[in-house]
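Q: Please take a close look at the inside of this model, at how its side chains pack and where empty space is left between them. I would like one connected account, with the cut-offs behind each term.

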Amino acid sequence: MSAVFGARTPHDAKLLRRRRGVDYGFTGLVFACVAIAAVPLVAIVFYVVKKGGGVMSVDFLTKDIPILTRSLGPGMGPAIVGTLVITGAATAMAVPLGILAAVYLNEYGRTNRLATIIRTMSDVMTGVPSIVMGLFIYTIWVLRYGLSGFAGALALACLMLPIVIRSTEEILRLVPAGLREASLALGASRARTILTVVLPAAVSGIVSGALLAVARAAGETAPLLFTIGASRKANTDIFEGANTALSTQIFRNATQPFPGAQARAWGAALTLIVLVVVLTILARIITKRFAVPMR
Amino acid sequence: LIAVAQKSLLHGGARRADRLFSWLCLGSGLLVLVVLGLILLSTGNEAMPAFRDEGVGFLTSKVWNPAAGQFGALAFIYGTLVASAIALVIAVPISFGLALFITEIAPKKLRTPVVYIMDLLAAVPSVVYGLWGIAVFGREIAKVYDDVSRTFDGIPVLGNVLHGANGRSFMTAGIILAIMITPIVTSISREVFATVPRDQKEAAWGLGATRFEMIRGAILPYSRNGLVGAVMLGLGRAMGETIAVALVIGSVPSIRASLFESGDAMAAVVANQFGEATGTHRAALIGLGVVLFVMTVIVNVLARKVAGRTDRRLGGKA
């Protein structure tokens, strides 16, 4: 090992040079990986901003979708409304349930058999393809009650649930046991301890985890394709009638050869990306700014 | 013990509320199991007509002809596997590199931006990748395919595999998938690298290892299982990815070796054909969903088994 401390023989010097060379080469490769990963992001953002920015206007954000896909001109208002309403409904279902389930895993079940199974299965559930969720809701809901925004929201909620559970549980685990013990020692019930001590201590982490789940759901297309149908007018009633969303509009318009449809697809893509990126950045900021200093 | 002691202190109403809350939590937890079970039951049930008609042929026949009532899914399974394999070949080395960069190599200043790039790549919706793939990337890359296939023309094996020049092809789908799974493989590999004990790394440094030697000698051996798990989770993602693939793979159900020609994949064909499908055709598409569900669940369970991820977390290693 004398090579490291200084080359003493010509052979050592040669070996040292070679080892250093390999090391530099490797470091170079790793930097290349970073560059390669950045290329598609830059390219996508560039094209979405360039092509989507060209059609962006107040009319685009508010007007109804044209009847004919080949017609030129704006209109994605109903899709924006649909995305917000459907994602909102999915959030209202998945986030509370996900938090409660995480509370069960971390506060009640801990390492018992059932909790371990649920934990593993919610990990597995994060891997279930989104199109399968769409088919699932189609078979269990749409066949009976028809297409509606709510059906889409159910499918998105199924996708979000395991993400919320896992991220919330990670955060709950960081809440120091001392907080719980102090509250219990004061005579508070477990429910009260959880609701007034544990969850508030973890709230920033929970919110940022939930926002990431919302961001993921807002961009999903596959679960909505056969659950919400299609509509060219805004429909704020999620329980009644077909609906539409930015993601499904991008998908349908992307396959059309007409310039009008292509332009609307890019415009919708820009709108959707802005929405999703804002949510993601918000999640980051909340985690950073409001993180409760623990220990 | 505290729980037992304090339970007796609570009076009736509070105790009931307490009990109610714990049941509520348990119920929410059980929901995961219920949903997973229902997915299999409900979709399996609707897919029955197709499974009954085709039997094992559903998985082994390569003829998919809705008009003639023939539903063999082999071409789609083939397409899914080929596109996912291309994605892994491209994404895995890059992801490992990125993970090493973030955990071991990057100066502090560069670490956060790279993590941000990964977050944003993960945040771009699948359909936007698809739109970019079909309208921009596919068109540009087709020229490259053309050059490559000309170069390798006539050479056995390679000439066949690298044949064609279609922008909507297995290769395009594979590349887009690679971009999409890079963030998840990177973030899991990062987690894995972060668990390597400090003293192992320091021991390697102390022996005079260069950084590369430290990574090869201390980090990689310790992380091997975790990395295999990360790759398999990436595979699960790639197999289930729908919309981007539906847009760029070309939608031609065929089994051929040439990567630069159109094909089709399981999730993609469901997205593309479900809208106008009825009867057995619809049942067959749902059946594809069932097969996909089973495949991804198996891959995910195996991945977590190999990585021992759940266990390690439970072990209390923070």
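A: A good place to begin is A:Thr271, which counts as buried because its relative accessibility is 14%, buried meaning under 20% relative accessible area, exposed over 50% and partly exposed in between, with a 1.4 Å probe and protein chains only. The model is predicted, so local features need pLDDT of at least 70 and side-chain atom pairs count only at pLDDT 80 or more, while totals for chains, interfaces and linings use all residues. Residues are numbered from 1 along each chain as its sequence is written, chains are lettered from A and ligands numbered from 1 in the order in which they are written, and side-chain values use heavy atoms, with hydrogens and water left out.

A:Thr271 sits in helix α12 (residues 259-290) of chain A, where helices (H or I, at least four residues) and strands (E, at least two) are DSSP runs numbered from the N terminus. Leaving aside residues up to four places away in sequence, A:Thr271 touches A:Met56, A:Phe60, A:Leu61, A:Ile80 and A:Leu246, a contact being heavy atoms within 4.5 Å.

The chain around this residue has 12 helices and 0 strands. Of its 295 residues, 54% count as buried, and among contacts in chain A between residues at least 6 apart in sequence, 72% join residues at least 24 apart. Its radius of gyration is 25 Å, whereas a compact globule of 295 residues would have one near 19 Å; the radius is taken over C-alpha atoms, and the globule rule is 2.2 Å times the number of residues to the power 0.38. The C-alpha trace of chain A spans about 80 × 65 × 35 Å along its principal axes. Chain B has 14 helices and 2 strands, and buried residues make up 54% of its 318 residues.

Ring packing gives a second view of the interior. Rings of Phe, Tyr and Trp (its six-membered ring) pair if their centres lie within 6.5 Å, and planes under 30 degrees apart count as stacked, over 60 as edge-to-face and the rest as tilted. By this rule there are 14 aromatic pairs over all chains. In one of them, A:Phe150 and A:Phe239 are tilted, at 4.9 Å centre to centre with 35° between the planes. This pair links distant parts of the chain, 89 residues apart, with A:Phe150 in helix α7 (residues 149-174) of chain A and A:Phe239 in the loop between α10 (222-225) and α11 of chain A. A:Phe150 is buried, with a relative accessible area of 14%, whereas A:Phe239 is exposed, at 55%. In chain B, the rings of B:Trp64 and B:Phe76 have centres 4.8 Å apart and planes at 90°, so the pair is edge-to-face. It joins B:Trp64 in strand β1 (residues 64-65) to B:Phe76 in helix α4 (residues 74-105), both of chain B and 12 residues apart. B:Trp64 is buried at 11% relative accessible area, and B:Phe76 is buried at 0%. Back in chain A, ring pairs link A:Trp141, A:Tyr145, A:Phe150 and A:Phe239 into a cluster.

Empty space completes the picture. Rolling a probe the size of a water molecule over the atoms shows where empty space is left. On a 1 Å grid over the protein atoms alone, a cavity is a set of points where a 1.4 Å probe fits but cannot get out, and a pocket is an open set with protein on both sides within 12 Å along at least five of seven lines; lining residues have an atom within 4 Å of a point. Grid points are joined across faces, edges and corners, and a volume is the space filled by probe spheres set on the points.

There are 2 cavities of 30 Å³ or more. The largest cavity has a volume of about 50 Å³, and its lining includes B:Thr80, B:Leu177 and B:Glu241. Helices α4, α10 (211-240) and α12 of chain B each give two or more residues to that lining. The second largest cavity, of about 40 Å³, is lined by residues among them A:Thr83, A:Leu156 and A:Glu220, and α4(A) gives the most to this lining, with 3 residues.

The second largest pocket holds about 380 Å³ of space. It is lined by 16 residues, of which A:Leu225, A:Arg252, B:Phe274, B:Gly275 and B:Glu276 lie nearest its centre. The elements that give two or more residues to this lining are α11 (246-254) of chain A and α12 (266-273) of chain B.
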